[in-house]
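Work through the exercises below with the model open. Try each task before reading its solution.

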Amino acid sequence: MRHDNSVFHGLQKHIPWAEFERLVEAHRADRRVRRLSTRGQFLAMLFGQLSGADSLRDIEAGLASQSARLYHLGMSAPARSTLSDANATRPAALFAELFAHMAETACRRIRRQMPALTTPTLLLDATRLSLTSLSQGWVSAVSGQRAVKLHVVYDLGAAMPLAANLTDQRVNDITPAKALQPEPGATYVFDLGYYDFAWWAALDAAGCRIVSRLKSNTELAVTAVLPVPKGGAILSDRIGLLPQRMARSRNNPFADPVREILVRLETGKTIRIVSNDLDAPAKEIADLYKARWQIELFFKWIKQNLKIGHFFGESENAVRIQIFVALIAFLLLKLAQEAQRAIPQPSTFRRLVRLNLMQRRPIDTLGAP
């Protein structure tokens with residue numbers, strides 16, 4: 001008789017368990033642990049993300065109802081209080097580093113499979129995740145609202161996050177961006193939240209292509225005007241120099257020529273797109289900035305399909321663990337969906353995984369009757 005593992009077990013095949021165990025050892029996460037191992041905690045929180053649980057009590061009840069099938073998963077159903085204690089005390093950095101390893105490995109593999117992606121296009125943006133007043137003491141309030149910021153570097157070609165970072169909501173988007181190690185040859189696309197000429201100069205010096213926007217009050221010393229097709233969305237294409245002086249009489253470190261492309265949007269609004277690429281067609285640069293919308297769609301999808309709108313714990317550690325496990329869940333769903341061809345829509349695949357999570361059937365048959 002054929003034996004099929006559960007859908008939950010099938011998703012775990014994409015988890016690099018050797019790296020997970022290395023991180024557990026490096027962080028000494030299982031030191032003096034008697035009831036719930038780091039692996040058990042991780043799988044329980046992952047179950048919560050994939051099953052749509054609304055609380056730790058839901059996770060406890062859901063796993064307890066499937067206790068006969070947990071042995072093959074290498075776990076048991078934890079008590080709610082035990083899981084809560086683990087989320088409050090076990091190092092969240094372990095889960096952040098696991099996500100970083102999985103994201104980088106997945107993006108690198110996809111680039112190898114698609115030669116056109118050897119020079120990646122990376123989108124940068126951040127989104128706020130609201131918290132309750134119970135989180136006071138470690139996160140600030142703005143207009144009475146408490147939140148953290150999730151900063152993401154999104155690989156456009158791989159259609160998945162390459163890196164992520166969490167900060168207080170008062171932290172400017174540019175701050176964690178400056179800590180990134182630029183990838184030579186990559187294209188970086190970002191909005192006005194990353195308006196920092198010194199950072200632009202660092203990307204340019206690293207051989208990166210920049211696509212962003214110019215503020216309306218930033219003057220450009222035009223040195224050349226390029227022709228544009230008549231009647232199109234591109235109104236002008238000019239090469240010039242950014243202002244030599246910055247605020248507080250500082251010199252602008254970005255002294256190289258840049259390209260300004262004036263584009264009329266479908267709404268009738270015009271925007272000034274800026275790039276250090278002086279040779280690519282204007283439409284290619286305009287389309288790159290338009291593609292920045294994909295990271296907004298990513299934020300919308302994870303908020304609608306994963307558990308990052310409501311948190312199971314109030315401590316910073318618990319919130320960080322829940323967010324990074326959610327991002328790992330996204331990667332697992334993405335990798336599992338790409339391994340089959342029957343269900344092309346991510347939301348449909350996510351829904352079928354949730355409905356069949358503990359059923360014993362191959363993942364590539366989820367769409368079958």
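**Exercise 1. Helix 11**

Compare the end-to-end reach of helix 11 with its expected span, then find how many of its residues are buried.

*Solution.*
- Step 1. In this predicted model, helix 11 covers residues 316-338, which is 23 residues.
- Step 2. The expected span is 1.5 Å times one less than the number of residues. For helix 11 the expected value is 33 Å.
- Step 3. From first C-alpha to last, helix 11 reaches 33 Å, close to that expectation.
- Step 4. Buried means under 20% relative accessible area. In helix 11, 20 of the 23 residues are buried, so the helix is mostly covered.

**Exercise 2. Helix 3 against helix 5**

Classify the packing of helix 3 and helix 5, and describe the residues of their contact.

*Solution.*
- Step 1. Two packed helices are described by the angle between their axes and the distance between the axes.
- Step 2. For helix 3 (residues 38-51) and helix 5 (residues 80-89), the angle is about 105 degrees and the axes are 11 Å apart.
- Step 3. Angles of 65 to 115 degrees count as roughly perpendicular. Helix 3 is therefore roughly perpendicular to helix 5.
- Step 4. Helix 3 contributes Q41, A44 and M45 to the contact, and helix 5 contributes L83, A86 and N87.
- Step 5. Sorted by type, the contact holds 4 nonpolar residues, 2 polar and no charged.

**Exercise 3. Helix 8 and its ends**

Which residues of helix 8 are buried, and what do they pack against? Then inspect both ends of helix 8.

*Solution.*
- Step 1. Helix 8 runs over residues 197-205, and its buried residues are F197, W199, W200, A201 and L203.
- Step 2. These buried residues pack against helix 7 (174-178) and against four strands: strand 1 (121-131), strand 5 (187-189), strand 6 (209-213) and strand 10 (270-275).
- Step 3. At the N-terminal end, D196 acts as the cap. One of its side-chain oxygens lies 3.1 Å from the backbone nitrogen of A198.
- Step 4. Just after helix 8 comes G207, with a positive phi of about 80 degrees.

**Exercise 4. S140**

Is S140 buried or exposed, and which side chain does S140 join in a polar contact?

*Solution.*
- Step 1. Locate S140 in the loop between strand 1 and strand 2 (141-142).
- Step 2. Its relative accessibility is 16%, so S140 counts as buried.
- Step 3. The side chain of S140 makes a polar contact of 2.6 Å with the side chain of D168.
- Step 4. Leaving out residues up to four places away in sequence, S140 touches Q145, R146, A147, D168, Q169 and R170.

Technical notes
Residues are numbered from 1 along each chain as its sequence is written. This is a predicted model: local features need pLDDT of at least 70, side-chain atom pairs count only at pLDDT 80 or more; totals for chains, interfaces and linings use all residues. Side-chain values use heavy atoms; hydrogens and water are left out. Axes are lines fitted to C-alpha atoms, for helices over the stretch in contact, and angles run from 0 to 180 degrees between N-to-C directions. Helices (H or I, at least four residues) and strands (E, at least two) are DSSP runs, numbered from the N terminus. Angles under 35 degrees count as roughly parallel, over 145 as roughly antiparallel, 65 to 115 as roughly perpendicular and the rest as oblique. Contact means heavy atoms within 4.5 Å. Ala, Val, Leu, Ile, Met, Phe, Trp, Tyr, Cys and Pro count as nonpolar, Asp, Glu, Lys and Arg as charged, and the others, Gly among them, as polar. Buried means under 20% relative accessible area, exposed over 50%, partly exposed in between (1.4 Å probe, protein chains only). A polar contact is a pair of N or O atoms within 3.5 Å; within protein, one must be able to donate a hydrogen and the other to accept it, and residues adjacent in sequence count only if both atoms are side-chain atoms.
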